[in-house]
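Me: I'd like to learn how to read a structure by looking at one feature at a time. Could you walk me through this one?

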Amino acid sequence: MIRPPARPAPAGAVYFSLLGPLTAVRDGRPLPLGPRKQRLVLATLLARPNTPVPVDVLTDAVWPDDPPRTARKNLQVYVSAARALLGSTGDDGRDRVVHGCGGYRLTIGEGELDTLRFRSLARAGRAAGERGDLRGAARLLREALDLWEGPPLNDLRDSSGVAEEAERLEARCLTVYEDWAETEIELGRAAVAVDGLRDLVERHPLRERLRVAWMNSLHQSGRQAEALAVYDDYRQLLARELGLEPSPAMAALYRAMLGRGRAARPPAGDRDTAHGTALPAAPRHFTGRREELRDLLALLGSPDEGVVVVSGPAGSGKSALALRAAHLLGDGFPDGRFHVQVRREDGSARTPAEVLGELGRLCGVRVPTVPAVPAGPESGPAAAVSQGAEDAWQRWLSLHRALIVLDDVPDEAFVRGLLPRSSPSSVVLTARGQLAGLAPVHRIALGALADGEALELLGKLIGPGRLRTDPAAALRIVRACGALPLAVGVSGMRLAVLRHLPLAEYADRLGDPSAALDELVAGDVSVRLRMASGWQDLSPDGRRALGRLAGPAQEGGFTLHGAMEALGCGERAAIRTVESLIDAGAVTSPTGEVTAHAALYEVPRLLCLYAREREGALTPE
């Protein structure tokens with residue numbers, strides 16, 4: 001049976017269900033969805049609603065091994081059939097499935113797709129719980145769970161692409177079930193959850209949060225011996241299968257039950273830090289980024305999202321945003337929040353083995369030691385140990401809901417083995433580059449602060465009274481800093497020490513291109529060193545190109561024609577070079593869609609100044 005839409009749908013509207021076999025109804029009547037390959041295309045589009053789905057993803061879902069030469073044309077036929085089935089959007093009559101640069105995008109509303117309705121109810125339930133409305137939370141979460149009709153897309157799981165989407169959906173359901181069960185236990189209604197938790201533990205025996213909820217429900221129902229047996233069975237299973245121990249929080253709960261304490265679950269503070277929380281101090285002067293912070297909190301607060309990439313130029317405040325969000329999200333990650341710096345102090349990248357080892361120590365994972373191997377493809381025993389370390393980490397992620405911040409990632413290859421494949425944990429990656437090779441991920445791009453935000457940050461450091469003495473000079477200072485939080489912060493720290501220095505004089509110093517980077521130093525914090533680290537990330541060809549583009553960029557940006565002149569190359573080569581610099585985070589482009597010929601490209605001012613400094617040092621290699 002397919003659950004009805006959240007709101008009455010207009011006559012003729014189609015309602016789709018993925019939470020079970022793929023089905024659709026129109027006006028209460030089942031619809032034929034066509035042959036299997038057509039259903040695979042439809043399922044893949046519906047699994048990623050309102051998001052571009054690359055053609056390669058659709059191809060892999062339909063032909064995972066050996067796509068025919070006519071695959072693209074066949075996909076067009078299947079998509080055309082989907083358009084006919086879906087009809088047009090209600091507001092402007094446009095097709096629901098459109099093709100753009102990112103692939104095929106299906107537009108569909110919450111009242112037309114059960115997974116969207118499920119997500120909306122789950123979010124509303126969590127929000128109610130955070131407000132203290134536990135009864136409302138339990139009702140909404142239960143309503144979300146009632147949309148499920150069995151394993152999602154169970155009729156199409158022989159396609160590996162669809163199976164991955166189905167596993168993600170199932171992981172979301174488990175997380176919501178855990179939320180619901182914990183809420184019922186807190187309300188003193190554990191009996192309603194006992195049987196369901198037992199069934200889920202039998203199907204997912206290694207999922208610790210389910211075990212903890214089952215222990216609590218049995219304990220609250222007066223079944224003390226059974227609750228203790230749940231822990232003993234789990235401890236033996238973990239040791240036998242994975243060589244792991246239950247988390248400290250679960251062990252503390254077990255000890256409390258042995259003592260017949262009154263608490264039926266660990267106190268909130270302990271649950272927030274099941275393995276401890278390893279975060280640097282929250283940024284003291286975090287300013288602005290309200291929209292980006294709201295988006296990041298919403299993404300990380302949802303069970304649907306696993307990886308978020310926060311990208312932007314050096315000094316744009318990526319780390320501060322990620323840490324701010326991590327400090328605000330303690331309740332959502334009962335197994336801890338952890339921060340790992342991917343680079344050393346000199347800006348060079350650590351090895352993935354070093355980062356994985358630190359993650360293991362922080363999270364209590366027994367990660368096999370990975371010996372150093374020569375550069376190039378791994379082989380022999382070293383590769384086996386490396387794979388074993390990665391497998392141990394993935395097992396831990398699959399059993400826990402934690403937040404991992406990997407700060408200043410150099411490239412995609414570095415983190416692929418560290419990201420959750422299908423788990424309740426979330427990872428935030430900060431990077432100067434776009435990490436375009438990672439998918440599926442959500443992306444938040446940071447640029448310069450707005451003038452008002454940059455002035456607010458400067459005022460926090462030098463005092464609002466001093467800021468008001470010469471607001472025009474203060475505005476010149478933040479604009480000379482490119483309105484980047486790092487540079488504005490360094491200016492504020494410097495002016496806080498040099499109390500005698502008029503703002504206008506310091507603005508004049510920063511306005512001099514030959515002296516600006518010399519002025520942006522406060523103690524051991526140097527903007528030039530941060531720019532140098534980003535410069536070293538570029539290839540020799542990228543440095544050479546950026547050095548040549550810095551001139552026209554400093555004069556207010558450059559067009560494709562200007563890039564061709566500066567680089568001394570043709571149109572295609574210029575487009576490839578500029579787009580590679582965009583991918584590396586060295587060049588910014590317009591946020592809206594615009595042709596390459598009409599776009600105005602920019603280089604952040606301070607990186608531009610550093611590139612001009614380096615231009616004379618560039619020699620052919």
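Me: Let's start with a single side chain: is Trp393 buried or exposed?

Reply: Happy to help, and please keep in mind that this is a predicted model. Trp393 counts as buried, because its relative accessibility is 0%, and the cut-off for buried is under 20%.

Me: Which ring does Trp393 pair with, and how do I describe such a pair?

Reply: A pair of aromatic rings is described by the distance of the centres and the angle of the planes. Here Trp393 pairs with Trp396: the centres are 5.6 Å apart and the planes make 5°, so the pair counts as stacked. Both residues belong to helix H15 (residues 380-399), 3 residues apart, which is about one turn of the helix. Trp396 is buried as well, with 1% relative accessibility.

Me: What does an edge-to-face pair look like here?

Reply: Take a look at Trp535 and Tyr610, with 5.9 Å between the centres and 70° between the planes. Trp535 sits in helix H23 (residues 527-537) and Tyr610 in helix H27 (residues 605-615), so this pair ties together parts that are 75 residues apart in sequence. Both rings are from buried residues: Trp535 has 1% relative accessibility and Tyr610 has 6%. In total, the structure holds 6 aromatic pairs.

Me: Where does a charge sit over a ring?

Reply: Look at Arg142, whose charged end is placed over the ring of Trp180, 4.7 Å from the ring centre.

Me: Now the sheet, please. In what order do the strands run?

Reply: Strands of a sheet pair through backbone hydrogen bonds, either parallel or antiparallel. In this model, 5 strands make an open sheet with parallel pairing, in the order E7-E8-E9-E6-E10. At the edges are E7 (337-341) and E10 (442-445), each pairing on one side only. From one strand to the next, the twist averages 15°. For a closer view, follow E8 (residues 403-407) and E9 (residues 426-431), which pair over 4 bridges; there, Leu406 stands opposite Leu429 in E9.

Me: Which helices pack on the sheet?

Reply: Helix H13 (residues 318-328) is one of them, touching E6 (307-311), E7, E8 and E9, and its direction makes about 160° with that of E9. Helix H14 (residues 352-363) also packs there, touching E7 and E8, at about 155° to the direction of E7.

Me: One last residue: is Glu519 buried or exposed?

Reply: Glu519, in helix H22 (residues 516-519), is buried, with a relative accessible area of 13%. Leaving out residues up to four places away in sequence, Glu519 touches Arg494, Tyr506, Arg509 and Leu510.

How values were computed
Residues numbered from 1 in each chain as written. Predicted model: local features only at pLDDT ≥ 70, side-chain atom pairs only at ≥ 80, totals over all residues. Heavy atoms only, no water. Pairing = 2+ DSSP bridges. Helix = DSSP H or I, 4+ residues; strand = E, 2+ residues; numbered from the N terminus. Axes fitted to C-alpha atoms, helices over the stretch in contact; angles between N-to-C directions. Contact = heavy atoms within 4.5 Å. Buried < 20%, exposed > 50% of the residue type's maximum accessible area, 1.4 Å probe, protein only. Phe/Tyr/Trp six-rings, centres within 6.5 Å; stacked < 30°, edge-to-face > 60°. Lys NZ or Arg CZ within 6 Å of the ring centre and 35° of its normal.
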